[in-house]
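Dear colleague,

I am handing over the structure that we talked about, and I would be grateful if you could look through it before reading my notes. Please open it beside this message.

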Amino acid sequence: MARTDQLTWTGYVEVLQGNPLVFLPVGAHEQHGPPLPMGTDALLATRMAEAVASRVNGLVLPTISYGYKSQARSGGGQTFPGTISLDGSTLVGMTQDIIRELARHGVGRLVVLDGHYENQWFLTEGIELAQRELQASGKQMEILRTEYWDYCPQHVLDTVFDGNFPGYDLEHAALIETSMMLYWQPELVRVDAIPQNDQADFDIFDRYPQDGKGVPASGVLAPARGASYDKGQLIIESTVAEIARALAAHFGLVI
Ligand code: ZN
Ligand code: MN
C-alpha cells in the first residue's frame with residue numbers, strides 16, 4: 001500500500017506500471033455529537049481505504065475531507081456549528097476533476113470509497129460526467145463507487161446490536177462509528193460525553209429550510225452507549241475483509 005501524497009512523481013509512475021487499484025476516500029466535516037470529532041467520516045473512509053489497499057496492494061489518494069450537506073435524518077443536518085458542507089455541484093466537480101487527472105496519468109482502476117451517507121449521488125454524478133468525458137476522448141477507466149458500511153456482515157450486526165440494528169441512516173455518531181473510532185483513533189473519542197438519548201424519531205419527509213426539528217440536541221441519532229473497542233474491531237476486521245474479498249473477486253486479484 002502506498003499513499004500518492006507521500007510518493008514522488010517518478011515513484012508514482014513506477015507504481016502505476018502495475019495497474020494498481022487506486023482508492024479515493026471521501027468523507028465530510030460534520031458534527032458527530034459531543035463524543036466524536038467532526039472529521040469522523042473522512043477519517044474512517046481514509047483508514048478503511050488504507051486497510052483495504054494494504055490487502056490488495058493498492059494506492060490511496062488524499063481524501064476529499066468535505067462532503068455534501070448534512071441532512072437532518074442521516075447526519076443531524078446543517079443547523080449545528082462546525083459542520084462545513086459543499087454544494088452538490090462542488091463535490092460533483094471535484095470528483096470529475098480528480099478522475100480527469102487520474103485518466104491523464106493512465107490510472108485504469110479507481111475505487112471511490114465513501115464514508116458520508118449524503119455524498120452518494122454527487123459522487124455518482126461526478127463519475128458519470130467523467131466517464132462521458134473519457135469516452136469522448138477515447139480513454140478508459142473502470143470506476144467503482146462504494147460505501148464501506150454495506151460490507152459489514154449481518155451476523156456481526158446481530159452480535160453488535162443484539163438484534164436491534166436501527167438502520168445505517170440513523171447510525172450517525174452512534175454505536176458503529178463510535179466503536180470504529182474507539183478501535184482506530186481512541187484518543188479522539190470523549191467516552192464520558194456519549195449522550196444518553198434514544199433513537200431519533202423523525203417525520204417521514206425532509207423539510208427545507210432545515211430547522212433541526214426532531215434532531216436530538218446532542219446530534220447523535222441513535223444510542224451509542226454500548227460502543228466499545230471490541231465491537232469496533234469486530235466491525236472493522238470483518239468489513240475490511242469483505243471489501244477486499246469483493247474487490248479481489250471483481251478484479252481477479254489474489255489476496
Ligand atoms: Zn459519520
Ligand atoms: Mn456523515
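What follows is an account of the metal sites and then of two helix pairs.

Please keep in mind throughout that this is a predicted model.

I began with the zinc ion (ligand 1), whose protein donors are H32 (NE2), D41 (OD) and E177, the last of these contributing two OE entries, and these donors lie 1.8 to 2.7 Å from the ion. Along the chain, the donors of this zinc ion follow the spacing H-x8-D-x135-E. The four donor atoms subtend angles of 53 to 140° around the zinc ion, which makes the arrangement irregular. Because D41 lies in helix α2 and E177 in helix α7 (residues 175-184), the pair ties together parts of the chain that are 136 residues apart in sequence.

The manganese ion (ligand 2) has as its protein donors E30 (OE), D41 (OD) and H116 (ND1), lying 1.9 to 2.3 Å from the ion, and the spacing of these donors along the chain is E-x10-D-x74-H. Here E30 sits in the loop between β2 (22-26) and α2, while D41 is in helix α2, with their positions 11 residues apart in the numbering. Which residue bridges the manganese ion and the zinc ion? The bridge is D41, and the two ions that it coordinates are 3.5 Å apart.

Helix α2 (residues 40-56) also takes part in a helix pair, packing with helix α8 (residues 229-251) at an angle of about 50°, with the two axes 9 Å apart. That angle makes α2 oblique to α8, and the crossing of the two helices is right-handed. On the α2 side the contact is made by M48, A51, V52, R55 and V56, and on the α8 side by T239, V240, A241, I243, A244 and L247. Sorted by class, this contact has nine nonpolar residues, one polar residue and one charged residue.

The second pair is formed by helix α4 (residues 88-105) and helix α5 (residues 120-136), which pack at an angle of about 40° with their axes 8 Å apart. This makes α4 oblique to α5, and α4 passes α5 in a right-handed crossing. Among the α4 residues that meet α5 are L91, V92, I99 and R100, and the α5 residues they face as a group include F122, L123, I127 and E133. By class, the contact of α4 with α5 has 10 nonpolar, four polar and three charged residues.

With best wishes

Notes. Residues are numbered from 1 along each chain as its sequence is written. Chains are lettered from A and ligands numbered from 1 in the order in which they are written. This is a predicted model: local features need pLDDT of at least 70, side-chain atom pairs count only at pLDDT 80 or more; totals for chains, interfaces and linings use all residues. Side-chain values use heavy atoms; hydrogens and water are left out. Axes are lines fitted to C-alpha atoms, for helices over the stretch in contact, and angles run from 0 to 180 degrees between N-to-C directions. Helices (H or I, at least four residues) and strands (E, at least two) are DSSP runs, numbered from the N terminus. Angles under 35 degrees count as roughly parallel, over 145 as roughly antiparallel, 65 to 115 as roughly perpendicular and the rest as oblique. A crossing is left-handed if the near helix is turned anticlockwise from the far one by less than a right angle, and right-handed if clockwise. Contact means heavy atoms within 4.5 Å. Ala, Val, Leu, Ile, Met, Phe, Trp, Tyr, Cys and Pro count as nonpolar, Asp, Glu, Lys and Arg as charged, and the others, Gly among them, as polar. Donors are N, O and S atoms within 2.8 Å of the metal (3.2 Å for Na, K and Ca); water is not among the atoms, so sites may look incomplete. Four donors count as tetrahedral if all angles lie between 85 and 135 degrees; four count as square planar and six as octahedral if opposite donors are over 155 degrees apart and all others between 65 and 115; anything else is irregular.
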